[in-house]
Amino acid sequence: AVAPKLVAVTPVTLQAFDHYIDLQGKVDADNISYVTPRGGQMQQLQVKALYIRKGDLVKKGQLLMKLDDAVQLKQLETLKTQKGYAEDIYRRTKNLWDQGIGTEVQLKTAENNVKVLNDQINTALEGWQMTNVRSEVNGYVEQLNLHVGETFTGFAGTIPQVMIVNSSSMKVVTDVPENYISKLKKGTPVNITLPDIGLEFNSTISLINQTIGINNRSISTE
């Protein structure tokens with residue numbers, strides 16, 4: 001004889017049904033900084049010292065490299081010598097003026113010469129500061145295609161010499177097949193899994209491109 005089986009009945013009720021599609025994407029950064037020379041005249045300067053390595057965490061304002069500053073230092077030395085001479089002329093002219101000797105034009109000219117040289121020194125100092133290449137952001141050194149002795153121009157062809165990524169703001173970029181486009185909108189929930197680090201969390205779609213890729217017939221989402 002066949003043993004009887006117990007049967008239970010569950011009432012049919014309305015329940016939410018979430019349908020997911022499984023897609024692969026890539027993690028990208030919102031804030032990417034390409035380190036470039038600050039002044040046009042800096043374009044052809046060589047790297048004297050490099051203070052970073054690929055993968056390093058850097059802070060805003062941190063010194064990344066030192067460029068050849070021989071020309072700037074020579075210019076500053078010359079201007080400081082000229083300023084010392086101009087200040088001496090001004091002191092002599094002022095002493096004579098206090099004794100009633102000389103003209104006011106001579107005094108003003110000597111005083112103005114000192115002022116002009118001070119302005120030139122400040123400008124030269126700004127130019128020298130450009131040989132100290134600093135980071136404009138906090139982040140990780142994602143790319144470093146530069147060595148001591150090479151010329152720092154910012155890019156070697158189309159390849160950035162130094163690229164810093166701020167990892168505090170990340171996004172996942174995914175191509176979605178065009179047949180699902182009608183089902184997507186901003187705010188559509190997504191479940192993100194990063195198997196390499198064992199992380200899983202929920203998020204939403206924040207951006208949907210308006211064009212379909214010609215080659216893959218997909219639309220890019222973030």
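Strands are DSSP runs of E with at least two residues, numbered from the N terminus. The model used in these exercises is predicted.

**Exercise 1. Place Val137 and describe its surroundings.**

Step 1. Find the loop. Val137 sits between strand 5 (132-134) and strand 6 (139-144).

Step 2. Judge its exposure. The relative accessible area of Val137 is 26%, so this residue is partly exposed. The class runs from 20% to 50%.

Step 3. List its contacts. Leaving out residues up to four places away in sequence, Val137 touches Ser33, Val58, Lys59, Lys60 and Ile164.

Step 4. Check one distance. Val58 is 79 residues from Val137 along the chain, yet their C-alpha atoms are separated by 7.9 Å.

**Exercise 2. Test the length of helix 2, then find its buried residues.**

Step 1. Set the expected span. Helix 2 (residues 104-129) has 26 residues, and at 1.5 Å a residue it should span 38 Å. The rule multiplies 1.5 Å by one less than the number of residues.

Step 2. Compare. The end C-alpha atoms of helix 2 are 38 Å apart, which agrees.

Step 3. Name the buried residues. They are Leu107, Ala110, Val114, Leu117, Ile121, Ala124 and Gly127.

Step 4. Look for the cover. It includes helix 1 (70-98).

**Exercise 3. Examine the pairing of strand 10 with strand 11.**

Step 1. Find the sense. Strand 10 (residues 189-194) and strand 11 (residues 199-204) pair antiparallel, over six bridges.

Step 2. Pick one bridge. Ile192 has Phe201 in strand 11 as its partner.

Step 3. Inspect the turn. Four residues lie between the two strands of this hairpin, and Gly198 in the turn has a positive phi of about 65°.

**Exercise 4. Compare salt bridges within helices with one between separate parts.**

Step 1. Recall the principle. Side chains of opposite charge can pair when their charged atoms come close.

Step 2. Take helix 1. Arg91 and Asp88 form a salt bridge at 3.8 Å, N to O. They are three residues apart in helix 1, so about one helical turn separates them.

Step 3. Take helix 2. Asp119 bridges to Lys115, with the closest N and O atoms 3.4 Å apart. These two are four residues apart in helix 2, again about one helical turn.

Step 4. Leave the helices. Lys171 and Glu222 meet in a salt bridge of 3.3 Å, N to O. Lys171 lies in strand 9 (residues 162-177) and Glu222 in the segment after strand 12 (218-221), so the pair ties together parts 51 residues apart in sequence.

Step 5. Look for shared partners. Salt bridges join Lys48, Lys66 and Asp69 into one network.

Technical notes: Residues are numbered from 1 along each chain as its sequence is written. This is a predicted model: local features need pLDDT of at least 70, side-chain atom pairs count only at pLDDT 80 or more; totals for chains, interfaces and linings use all residues. Side-chain values use heavy atoms; hydrogens and water are left out. Two strands pair if DSSP finds at least two bridges between them. Buried means under 20% relative accessible area, exposed over 50%, partly exposed in between (1.4 Å probe, protein chains only). Contact means heavy atoms within 4.5 Å. A salt bridge is a side-chain nitrogen of Lys or Arg within 4 Å of a carboxyl oxygen of Asp or Glu.
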